Amino acid sequence: YKLSVAPEMDIMAYCRKEWRGNTPVAKRMRKGYEAVARKFASIRRVRGDNYCALRATLFQALSQATQLPSWLQSEDFTMLPETLLSKYDWIKQWQLKQKLGRKMGEISDEIKEYLILLRKKWKNISEIKGPIEKQAACDKLFKNEEDEYSLYEALKFLMLNTAIELYNDDRNGRRVPVFSWLLFARDTSSNPCQLMRNHLNHIGHSGGLEQVEMFLLAYALQYTIEVYRLYKYSTDEFITLYPNDPEEDWPVVTLITEDDRHYNIPVRMCQETML
């Protein structure tokens, strides 16, 4: 029984604890944390398993949610698994939370349950007005392993749906974002079926999200994910946006990474940056 997102800690206190030495890497990390500390006062450590990019992004999105995103409100949102399975037989190979040997009907029912749960939790948390109460509700949700991991399955399925839409758009001559070409230019994911088999099925089990999949997550949620990449301090990639040309009306969530593998979350914007 572990809290998936640890309590707040002062950013610079955390940095001093983690990066003591005088190596070039430690110096760069400290500079990076100092830059983050100009904007945020605290950090919350995110549990470091292969879900951490999904966990950090979803936690940040929920903890600042004030309304249900339009894509979560649509009538056919919960019908997605049935709709996709009726068109793409290969989705039967979707790997659900380490339970093998399912029949096709079960897979669509189970993913539908995850999507309904995502909508319900998002709605409930976004309706909480007080910031302290909202934070408490998020903390409670991320202590409930069954719910938490079900939500990640929902996110992964939404990423698959987005990938299918982008792939079809490209094949039909419509404009797609550059990352979509990169996503399908990999030997291991030249189409959505391969992406599912070789990448999405492994997220949370044997691998996390790669850079190009951070773009896919951002598009699936219609959120801009802003990441302080500390090891890139003093380069133009220090603050990276996924996508890099975000839609103006997409909300922004902010994460911190030291290595593009593990993500933590900065909290409490400093007063002057809020003004």
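Is Asp49 buried, partly exposed or exposed? I opened the notebook with this one, working from a predicted model. Asp49 has a relative accessible area of 24%, so I put it down as partly exposed.

**Entry 1: around Asp49**

I looked up where Asp49 sits, and found it in the loop between strand 2 (40-44) and helix 3 (52-63). Leaving out residues up to four places away in sequence, I noted that Asp49 touches Arg55 and Tyr149. Then I checked the record: the unreviewed UniProt entry carries the annotation "active site" for Asp49, Cys52 and His262. These residues are spread over 214 residues of sequence, yet they cluster in space, and the largest C-alpha distance I have for them is 8.3 Å.

**Entry 2: a lysine in helix 8**

Which residues does Lys156 contact, once neighbours within four places in sequence are set aside? My list reads Tyr51, Leu54, Trp94, Leu200, Asn201, Ile203 and His205. Lys156 lies in helix 8, and I had to look twice at its accessibility: at 0%, Lys156 counts as buried, given that the cut-off for buried is under 20%.

**Entry 3: helix 8 against helix 9**

Staying with helix 8 (residues 145-171), I turned to its crossing with helix 9 (residues 178-185). The two axes come within 10 Å and cross at roughly 100 degrees, which makes helix 8 roughly perpendicular to helix 9. On the helix 8 side I found Ala163, Leu166, Tyr167 and Asp170. They meet Phe179, Ser180, Trp181, Leu183 and Phe184 of helix 9. Sorted by class, this contact has seven nonpolar residues, one polar and one charged.

**Entry 4: aromatic pairs**

How many aromatic pairs does a search of the whole structure find? I got 17. I picked Tyr14 and Tyr33 to look at: their centres are 5.9 Å apart with 75 degrees between the planes, an edge-to-face pair. Tyr14 belongs to helix 1 (residues 11-18) and Tyr33 to helix 2 (residues 24-37), so this pair ties together parts that are 19 residues apart in sequence. I checked burial for both partners. Tyr14 is buried, with a relative accessible area of 2%, and Tyr33 is buried too, at 0%.

Next I took Phe215 and Tyr242. Their ring centres lie 4.9 Å apart and the planes stand at 80 degrees, so I logged this pair as edge-to-face. Phe215 is in helix 11 (residues 211-221) and Tyr242 in strand 4 (residues 239-242), so the pair joins parts that are 27 residues apart in sequence. Phe215 counts as buried at 15% relative accessibility, and Tyr242 counts as buried at 1%. I then followed the ring pairs outward and found that they link Phe179, Phe215, Tyr219, Tyr242 and Trp250 into a cluster. Phe179 was already in my notes as one of the helix 9 residues that meet helix 8.

**Entry 5: helix 11**

Why do I call helix 11 largely enclosed by the rest of the structure? Ten of its eleven residues are buried, and that is my reason. I wrote down the buried ones: Val212, Glu213, Met214, Phe215, Leu216, Leu217, Ala218, Tyr219, Ala220 and Leu221. Two of the names there, Phe215 and Tyr219, also belong to the ring cluster. Last, I looked at what comes after the helix: Gln222 follows helix 11, and its phi is positive, near 55 degrees.

Note on methods
Residues are numbered from 1 along each chain as its sequence is written. This is a predicted model: local features need pLDDT of at least 70, side-chain atom pairs count only at pLDDT 80 or more; totals for chains, interfaces and linings use all residues. Side-chain values use heavy atoms; hydrogens and water are left out. Rings of Phe, Tyr and Trp (its six-membered ring) pair if their centres lie within 6.5 Å; planes under 30 degrees apart count as stacked, over 60 as edge-to-face and the rest as tilted. Helices (H or I, at least four residues) and strands (E, at least two) are DSSP runs, numbered from the N terminus. Buried means under 20% relative accessible area, exposed over 50%, partly exposed in between (1.4 Å probe, protein chains only). Axes are lines fitted to C-alpha atoms, for helices over the stretch in contact, and angles run from 0 to 180 degrees between N-to-C directions. Angles under 35 degrees count as roughly parallel, over 145 as roughly antiparallel, 65 to 115 as roughly perpendicular and the rest as oblique. Contact means heavy atoms within 4.5 Å. Ala, Val, Leu, Ile, Met, Phe, Trp, Tyr, Cys and Pro count as nonpolar, Asp, Glu, Lys and Arg as charged, and the others, Gly among them, as polar. UniProt positions are given in the numbering used here, feature names are shortened, and annotations may be inferred rather than shown by experiment.
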